[in-house]
Amino acid sequence: MTDQEVMTQMNALIRLEFDKNSIFQLSMEERMKLCTLLKRNFGAGVKQIARLTRLSPEIVGKIV
């Protein structure tokens with residue numbers, strides 16, 4: 001999936017799972033859970049998840 005496709009799905013996940021409107025409203029713990037959801041639901045790679053969640057690839061690599 002492209003970044004834009006994953007971004008659209010990610011925004012829907014944020015609303016559904018966390019009842020928030022933006023990734024910027026998520027705590028660090030919620031962002032880490034979001035990383036796992038993106039990997040599991042969409043097969044997103046570490047670098048793509050890092051770009052979309054604004055976390056470092058090192059952190060994302062440890063989570064997923």
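Trainee: What covers the buried residues of H2?
Mentor: This is a predicted model, where local features need pLDDT of at least 70, side-chain atom pairs count only at pLDDT 80 or more, and totals for chains, interfaces and linings use all residues. Residues are numbered from 1 along each chain as its sequence is written, and side-chain values use heavy atoms, with hydrogens and water left out. Helices are DSSP runs of H or I, at least four residues, numbered from the N terminus. The cover, by contact (heavy atoms within 4.5 Å), includes helix H1 (3–18), helix H3 (46–53) and helix H4 (57–63).

Trainee: Which residues in H2 are buried?
Mentor: Buried means under 20% relative accessible area, exposed over 50%, partly exposed in between (1.4 Å probe, protein chains only). In H2 that label goes to Glu 30, Arg 31, Leu 34, Cys 35, Leu 37 and Leu 38.

Trainee: How far from Arg 31 is the nearest side chain of opposite charge?
Mentor: Arg 31 sits in H2, residues 28–42. Arg counts as positive and Glu as negative. Arg 31 is buried but has no salt bridge, a side-chain nitrogen of Lys or Arg within 4 Å of a carboxyl oxygen of Asp or Glu. The nearest opposite charge is Glu 30, at 7.8 Å.

Trainee: Is Met 32 buried or partly exposed?
Mentor: Met 32 also belongs to H2. Its relative accessible area is 33%, so Met 32 is partly exposed.

Trainee: Why does the span of H2 agree with its residue count?
Mentor: The expected span is 1.5 Å times one less than the number of residues. H2 has 15 residues, so it should span 21 Å. Its end C-alpha atoms are apart by 21 Å.

Technical notes. Helix = DSSP H or I, 4+ residues; strand = E, 2+ residues; numbered from the N terminus.
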